[in-house]
Each structure stands twice: as structure tokens, then as C-alpha cells.
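Subject: Structure handover

Hello,

Here is the structure you are taking over. Please keep it open while you read the notes below.

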Protein chains: 4
Amino acid sequence: MRHKKQAKRAAILEAALREFTDNGFADARLSAVARNAGVAKGTLYLYFDSKEKLFEGVVRETLLPSGEEGIISDNPHHLSTEAFRRSMLASVADLQNSGRSGIALVVLTEGRQFPQLVEIYVNAVLEPVLAQIDRLAHSDDTARLDVLRRFPQLLIAPVIAGLLWNRFMTGYPPIDLVDIASAQLALVLGDEAASNTAESNEIMD
Amino acid sequence: MRHKKQAKRAAILEAALREFTDNGFADARLSAVARNAGVAKGTLYLYFDSKEKLFEGVVRETLLPSGEEGIISDNPHHLSTEAFRRSMLASVADLQNSGRSGIALVVLTEGRQFPQLVEIYVNAVLEPVLAQIDRLAHSDDTARLDVLRRFPQLLIAPVIAGLLWNRFMTGYPPIDLVDIASAQLALVLGDEAASNTAESNEIMD
Amino acid sequence: MRHKKQAKRAAILEAALREFTDNGFADARLSAVARNAGVAKGTLYLYFDSKEKLFEGVVRETLLPSGEEGIISDNPHHLSTEAFRRSMLASVADLQNSGRSGIALVVLTEGRQFPQLVEIYVNAVLEPVLAQIDRLAHSDDTARLDVLRRFPQLLIAPVIAGLLWNRFMTGYPPIDLVDIASAQLALVLGDEAASNTAESNEIMD
Amino acid sequence: MRHKKQAKRAAILEAALREFTDNGFADARLSAVARNAGVAKGTLYLYFDSKEKLFEGVVRETLLPSGEEGIISDNPHHLSTEAFRRSMLASVADLQNSGRSGIALVVLTEGRQFPQLVEIYVNAVLEPVLAQIDRLAHSDDTARLDVLRRFPQLLIAPVIAGLLWNRFMTGYPPIDLVDIASAQLALVLGDEAASNTAESNEIMD
DNA sequence: AATGAATGAGACTTCATTCAT
DNA sequence: TATGAATGAAGTCTCATTCAT
């Protein structure tokens with residue numbers, strides 16, 4: 001009955017992910033979570049002590065698994081621009097296509113009430129990326145990377161803004177996160193298309 | 001006793017701004033608003049029909065006043081890069097120093113439940129800025145502005161991300177919104193300092 | 001300024017009559033009364049101590065005036081059947097055409113909470129009528145009036161039922177109170193049309 | 001624990017019937033209902049969505065059960081006077097002895113705010129009776145029944161008036177509903193004693 | 001006398017959490 | 001372990017009444 005229990009836990013987390021993503025924390029209803037997980041309301045409390053703990057569970061187990069593989073996975077201490085670019089765009093693509101972007105938004109968005117969740121998120125997701133960016137920023141001493149030393153957030157900003165835009169500015173055409181991230185990378189790192197391909201939306205000086 | 005009433009209305013709006021900014025919409029307590037405004041709970045309803053209307057009132061009267069002067073005020077149809085830069089940085093500075101950034105964040109953050117507030121916000125704040133950016137993007141045919149035609153949001157993204165960062169990533173050094181906006185402007189429009197000074201990306205008026 | 005004050009009092013009573021009639025006691029709003037009377041809410045309290053007192057005032061001054069002339073006016077101790085019939089039908093016609101029927105209904109209907117209002121109403125309106133009926137019932141020893149001695153209410157029942165019907169059974173054709181009262185009179189007292197007059201609102205086939 | 005739940009539902013309905021009967025809709029307190037039902041306030045909402053739904057529930061489940069058996073049950077298309085009389089008096093007796101008369105009064109009384117409840121009541125209770133009366137009125141062409149064709153309500157009027165009287169004219173001897181209904185039946189249909197005895201006060205010319 | 005802004009008790013309702021089964 | 005009925009604190013909102021002007 002080991003995996004029976006794990007399966008139920010997974011069902012709860014999945015339902016909770018959906019509910020939190022759709023409605024945010026404050027407006028999420030445990031009754032909806034239970035219903036969608038196919039369990040009774042009381043059962044939730046056999047797995048999670050409170051609504052907050054459930055949210056924490058969702059955040060941990062939704063964000064961390066892919067966080068572990070590393071949002072930007074790489075090996076060396078020194079990072080090539082191209083490797084970084086590929087890695088980052090892959091992460092963004094992953095984020096865009098998984099359910100994780102939704103919960104990330106909730107964390108960011110309702111972070112006020114859950115500092116420790118922000119911490120989890122930061123540790124699991126943001127720190128590695130920022131560390132990556134920092135490494136990149138110092139991997140090359142061209143002046144153009146200088147800005148990344150001062151504002152490593154600059155590379156993620158368009159992704160975050162894009163997430164918000166896509167969620168709330170319904171009625172406007174959605175932003176493709178990979179495209180906008182790519183554009184920003186081009187601005188900061190130089191247009192990679194310039195170096196390789198011909199067809200691309202080049203941004204350059 | 002005309003101004004007496006207006007004063008009370010102002011006190012309520014101020015207390016509400018604070019409460020909504022601190023706790024978001026769902027967790028804002030009308031009792032706290034009343035207490036901080038120095039009025040009875042029922043009094044709130046003499047000025048606003050409901051919690052939602054109060055929120056709307058805060059949004060309108062907090063955002064719009066500066067929206068009217070135009071977040072980016074200007075005259076000509078054609079926009080010089082420098083004029084745009086100055087105008088945008090002034091707006092960001094204004095945003096950073098006023099209480100408006102907080103409520104803007106709440107609007108963005110709880111936009112799901114209040115589409116019409118998002119609309120207000122978009123109309124009053126975002127549209128003008130985006131229109132401005134668009135005008136800029138078409139004011140000059142250098143290829144480098146091309147990216148703005150595809151992603152006008154790119155110029156505001158660092159500001160938005162910075163707002164979120166500053167609010168939730170307590171424990172990290174805060175981002176100066178003017179600085180990061182300035183850095184992004186330099187990336188997109190070219191470093192204007194480059195044309196004047198030798199090395200530095202500081203932004204000036 | 002004597003009549004100035006009286007005029008204001010009258011305006012309040014009139015507005016209150018309308019409000020109570022339209023919405024009953026519980027759902028009557030003093031703000032509506034004040035608005036329709038053209039005075040401030042606080043002003044009401046210069047004339048009436050409370051909502052209940054205002055209601056009482058309405059009942060007294062709406063019902064009593066015509067109660068004084070006597071819902072059934074008459075002189076002798078002995079009452080002829082015809083005189084009674086005329087008197088009663090006149091009263092019913094009066095009731096139907098004045099605003100009084102509405103307030104009477106409210107009194108009857110919300111009497112639970114206002115025993116003293118019922119008392120007022122009973123004293124002012126019902127008692128005289130019942131006394132009248134009783135006198136009639138004993139004015140003639142034909143057996144046929146016997147039923148009135150046991151149930152003097154029988155003569156007013158159709159009027160009361162008719163009032164309720166007309167107020168709540170919207171969607172059904174309304175009952176003409178004079179007609180139904182007349183029919184009941186015919187049942188109880190015999191068809192007067194048969195015996196005497198040509199002109200009258202007699203009901204017969 | 002199926003019946004446990006049903007029992008609680010019944011307890012709530014019973015307490016609500018009492019509360020609504022005693023205080024009307026507007027002045028009924030859900031806290032009182034909960035207290036008298038022996039449940040917590042929130043429990044009410046497990047069974048009924050709102051105060052209005054609770055009221056509706058009381059009305060349906062209090063009035064309808066006996067409405068189903070038919071307030072006046074009978075079979076043939078043609079109705080004998082005696083059968084009708086018995087049936088009607090039985091219904092009145094039933095009404096008088098059950099809790100239903102109270103709630104019926106509330107429905108009639110607060111009908112303004114609950115048109116759909118009036119409809120329920122009318123459909124379940126009044127329509128059948130009126131249909132019955134109508135059938136009776138056409139079952140026999142004696143002129144004396146003519147009045148029933150014009151005012152079928154005439155037969156129920158004394159019952160309604162009696163209900164009001166008994167509820168509000170406390171301090172007066174109560175009216176026995178069966179007796180007054182019987183008296184009215186005698187007036188309209190002729191004294192049933194007539195069929196037995198020789199001398200009677202039949203009304204007609 | 002008149003105003004109308006202000007009050008605050010109290011109503012209905014929600015929902016995270018508990019607990020008997 | 002699982003249930004889901006039950007709880008009750010707490011929230012928003014109403015409105016008769018008061019009171020400073």
C-alpha cells in the first residue's frame with residue numbers, strides 16, 4: 001500500500017497545483033482541491049497540516065524536481081555565452097510549457113504572506129539562475145556584460161513581466177516567453193544570429 | 001463643511017491604500033481601514049459601496065492623478081530618443097517615490113479577480129507608456145529599435161520585475177528602479193552616456 | 001410657523017404611509033421616507049421617536065380620521081338591514097379607494113410584532129364595525145341572523161381576504177372589494193336588490 | 001448514517017418553521033434557528049444555501065406533503081355538495097391542527113418579497129381548492145351557486161380571515177376555523193341540516 | 001428646528017479545520 | 001486510513017439612531 005498512499009498524495013498535489021494556479025492562494029478552496037483529487041476534505045489533513053503547508057508542498061514538489069535538474073543545467077565553472085543562451089532558453093521553454101509558471105506566479109504574487117515560500121522559490125529557482133548569470137557576467141570581461149554584474153535580474157525580467165502580462169492582460173496578444181527572452185539575450189549578449197544564422201530577428205548595434 | 005467630508009474621504013483612501021498595499025485585496029480588512037482612517041466601519045459605506053468599490057476608488061484616485069499629467073508627457077508626434085529617455089526615467093522615479101507602485105503591484109497581482117481594474121490600470125498607465133514606446137519605435141528606422149516594435153513591453157519589464165523583487169525579495173539588496181530602467185534603456189537605445197562621457201552607463205537628465 | 005411644522009409632519013406621514021404600504025414595516029427604509037418627505041433623516045426624529053412610533057403615527061392618523069366619521073356611520077341604536085348594507089358598502093368603497101387599505105394590510109400582516117398597533121387598529125376600525133354588526137345581528141330575531149351572532153367576522157372576512165388576494169395574487173384578476181362584500185351581504189342578509197332599489201351597487205344575477 | 005443526516009435536516013426545518021412562524025421572514029434569526037435545532041450556525045448552510053432557500057424549504061416541505069394528498073381529495077368529475085362539504089371541512093380541520101397554518105400565513109404575509117413562494121403556495125394549496133370550488137359551482141345549476149362562479153374565494157375567505165384573527169387578535173376569543181367554515185358553507189350551499197330537518201334557515205328567495 | 005455625516009450593533013454568510021464514525 | 005458532517009471565528013455589509021454643526 002505504499003504507492004497507493006503516494007498516488008493519493010500525488011493526486012492531492014496535482015489538484016492543489018491546479019487550484020492554486022487558477023485562483024491564487026487566498027481564493028483557493030480546499031473543498032475544490034479535495035473534490036478534484038477525489039478524496040474527502042478531511043483526508044487532505046492526513047497529508048498536509050494546513051492550507052499553507054499544502055501550498056508549500058505544491059511549491060516544493062512542483063518547482064524543485066525541475067529545479068534539481070537545474071533550471072539552467074550545466075557543468076563547467078566557466079560558461080560560454082552560447083551555452084548559457086541555449087540553457088536559458090531551454091529553461092524558459094520548459095517553464096512556459098509546464099504548469100510551473102503558474103505556481104511561480106502565485107509565489108511571486110502572494111509572496112507577501114509567505115516569506116518562507118519565497119525563500120524556497122528563491123533557493124530552488126532563482127538563486128541557481130542568478131548564480132549562472134553571475135558566472136556568465138564574470139566569464140568574459142567585455143564591457144557589455146558589465147550591466148549583468150550590476151543587474152543580473154535584467155535577464156529574467158522579461159520572462160517575469162511576460163508571465164504577468166500573459167496572465168492578466170488577456171485581451172492583448174500573449175507574449176511568447178522564449179521569444180522575448182531571446183530578444184533580451186540578444187540585447188545583452190549580442191545577437192547570436194549574427195554569428196550563426198541568417199534568418200532571425202536580429203538586434204544589434 | 002465641504003472639505004471636512006473631502007478630508008474624511010481622503011483619510012479613508014489613504015488608509016485603504018496602505019491596507020491594500022500591505023495585504024492585497026483578499027486579506028485587506030475593512031475594520032483595519034476604518035480604524036486607521038479614524039472612522040467607524042459603517043462610515044466606509046458612506047463613501048464606497050463595497051470593498052471592491054473602495055479598491056477601485058483607491059486605484060483610480062491613486063493612479064489616475066499622475067496618469068492625467070501623463071506618465072510620459074510630451075508633445076510632438078515624433079519623439080527624440082533623448083526626450084523619451086528623460087520622460088521615461090522621470091516616470092519611473094515618480095513611480096518609485098510615490099505610493100503608487102504598491103497599488104500597481106496589487107492590481108497586477110490580483111488582476112484575475114478584477115479585470116476591470118486591470119483595464120483601468122492599463123488605460124491609465126500602461127497604454128500611454130506603450131503608445132509612447134511604439135511612437136519611439138517608429139520614430140527612427142535604425143534596426144536596433146526593431147525589437148521594440150515586437151516587444152514594446154521590453155522597456156517596462158525591468159521596472160515590473162524590479163517592483164516585484166523589491167517587494168518580495170526582502171533580504172536581498174533592493175533594486176533601484178531608475179537605475180535598472182536606465183540600464184535597459186541603454187541596452188535598447190544605446191548608451192547615451194557613450195555619446196557624451198567616456199565610460200559609465202549612468203543616466204542623467 | 002405653526003402650519004409650517006404641521007405641513008412637514010404631514011409630509012412625513014404621507015411619505016411613511018407610502019413606504020410602509022409598499023414595503024411593509026420591516027423593509028421600510030427611513031431614508032426613503034425622509035427622501036420622499038423632502039426632509040433629512042434626522043428630522044424624522046424631531047417628529048417621531050422611532051420607526052415604530054412613526055408607524056404608529058401613520059396608523060393613527062391614516063386610519064383614525066375616517067374612523068372618526070365612523071367606518072360605518074349611523075345614529076340609531078336599532079339598525080335597519082338596508083341602512084347597514086349601505087353603510088357597510090360605503091365603508092368598503094372608501095377603504096378600497098383610499099390608501100388606507102394598504103396600511104391596514106400591513107397592520108394585520110405584521111401585527112405579530114406590534115400588538116399595540118393591532119390594538120389601535122382594532123379599536124379604531126374593527127370594533128365599531130363589529131359593534132355595528134352585532135347590533136344588526138340583534139336587531140332582528142329572524143334565525144337567519146343567528147350566524148352573525150356567532151361569527152360577526154363573517155361579514156368582513158371577504159373584504160380581508162380580498163385585500164390579501166389583491167396584494168399578493170398578482171397575476172390573477174383582482175377582486176372588487178365592494179362586489180365581494182355585496183355578495184356576502186346578500187348571502188347573509190338576503191338579496192336586497194330583490195326587495196327594493198334599482199340603483200345601487202347591488203349584486204345579483 | 002443516512003437517517004442521522006435526515007434527522008438533522010428535519011430538526012433544522014422544524015426549528016425554522018417555528019422561527020419563521022413566530023417572527024416572519026425578516027425578523028427570523030438564523031442564529032435562533034440554529035440554536036433551536038441544536039446545530040451550529042454554519043451547519044444550516046450544509047442543508048440550505050441561504051435564508052431564502054431555507055424559507056423555501058420550509059414552505060415546500062411543510063405545505064406540499066399535505067398538498068399532495070390533495071387538500072381536498074376526491075375522485076369524480078362531478079362533485080356532490082355533501083362530498084365537497086366534508087372534504088373542505090376536513091381540510092380546514094387539518095390546516096387548523098397542523099403547523100401549516102402558521103407558515104401559510106407568513107407566505108401570504110410576506111408574499112411581496114417572495115413571489116415564487118406565493119406561486120408555490122398557490123399551486124400547491126390554493127389552486128386545487130379553487131378548482132374544486134369551481135367544479136362544485138358548475139356541478140349544479142341552482143342559482144345559489146352562481147355566487148361561487150363569480151367569487152370562488154368566498155368559501156375560503158372566512159378561513160383566511162380566521163387565521164389572521166386568531167394570530168393577531170389575541171385577547172379576543174379565537175375563532176374555530178372549522179366552525180366558521182361550516183357556517184359559511186351553510187350560507188352558500190344551504191344548511192346541510194336542511195337535508196335532514198324540515199325547518200331551516202336556507203338562504204334564497 | 002434642521003441637517004446629514006457618523007455610528008456600531010448585529011445580521012447573513014464563508015470556509016479552514018476538527019472529530020466521531 | 002478515510003470520511004464528510006459539523007463547527008465557529010471572522011468577514012462584509014445594513015440601517016435605525018445619534019449628535020455636532
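A polar contact is a pair of N or O atoms within 3.5 Å; within protein, one must be able to donate a hydrogen and the other to accept it, and residues adjacent in sequence count only if both atoms are side-chain atoms. With that rule, the side chain of D:T43 has an N or O atom 2.4 Å from a phosphate oxygen of DNA strand F.

Two points on the source. This is a predicted model, where local features need pLDDT of at least 70, side-chain atom pairs count only at pLDDT 80 or more, and totals for chains, interfaces and linings use all residues. Residues are numbered from 1 along each chain as its sequence is written, chains are lettered from A and ligands numbered from 1 in the order in which they are written, and side-chain values use heavy atoms, with hydrogens and water left out.

DNA strand F

A residue is near a strand if one of its heavy atoms lies within 4 Å of it. DNA strand F is surrounded by 33 residues, and the closest are A:T43, B:Y45, C:R29, D:T43 and D:Y47. What part of the strand do the atoms within 4 Å of the protein belong to? For DNA strand F, 69% of them belong to sugar or phosphate and the rest to bases.

Two further contacts can be found on this strand. A polar backbone atom of B:K51 is 2.9 Å from a phosphate oxygen of DNA strand F. C:K41 has a side-chain N or O atom 3.0 Å from a base oxygen of DNA strand F. Two or more residues of the surface near this strand come from each of α3 of chain A, α3 of chain B, α3 of chain C, and α1 (2–23) and α3 of chain D. Here helices (H or I, at least four residues) and strands (E, at least two) are DSSP runs, numbered from the N terminus.

By class, the surface near DNA strand F holds 14 nonpolar, 8 polar and 11 charged residues. In this count Ala, Val, Leu, Ile, Met, Phe, Trp, Tyr, Cys and Pro are nonpolar, Asp, Glu, Lys and Arg are charged, and the others, Gly among them, are polar.

DNA strand E

DNA strand E has 32 residues around it, the closest being A:R29, B:T43, B:Y47, C:T43 and D:Y45. Sugar or phosphate accounts for 68% of its atoms within 4 Å of the protein, and bases for the rest. Phosphate oxygens of DNA strand E lie 2.8 Å from a side-chain N or O atom of A:Y45, 3.1 Å from a polar side-chain atom of C:K8 and 2.6 Å from a side-chain N or O atom of D:Y45. The surface near DNA strand E takes at least two residues from each of α3 (41–47) of chain A, α1 (2–23) and α3 (41–47) of chain B, α3 (41–47) of chain C and α3 (41–47) of chain D. Its residues divide into 14 nonpolar, 7 polar and 11 charged.

The annotated region

An unreviewed UniProt entry annotates residues 29–48 of chain A as "DNA-binding region". UniProt positions are given in the numbering used here, feature names are shortened, and annotations may be inferred rather than shown by experiment. In the model, this span is 75% helix and 0% strand, and its end C-alpha atoms lie 15 Å apart.

Chain C with chain D

Contact means heavy atoms within 4.5 Å. This contact takes 42 residues from chain C and 45 residues from chain D. About 3800 Å² is buried between these two chains, 70% of it from carbon and sulfur atoms. Buried area is the accessible area (1.4 Å probe) that two parts lose on being put together, summed over both. C:R112, C:F168 and C:L187 supply 19% of the area that chain C buries against chain D, more than any other three residues.

How many salt bridges cross the interface of chain C and chain D? The rule (a side-chain nitrogen of Lys or Arg within 4 Å of a carboxyl oxygen of Asp or Glu) finds 0. It is 3 for residue pairs in polar contact across the interface of chain C and chain D, both at pLDDT 80 or more.

Chain B with chain A

Here 42 residues of chain B are in contact with 44 residues of chain A. The two chains bury about 3800 Å² between them, with 67% of it on carbon and sulfur atoms. B:R112, B:F168 and B:L187 lose the most area to chain A in chain B, together 17% of what that side buries. The rule finds 0 salt bridges across the interface of chain B and chain A.

Regards
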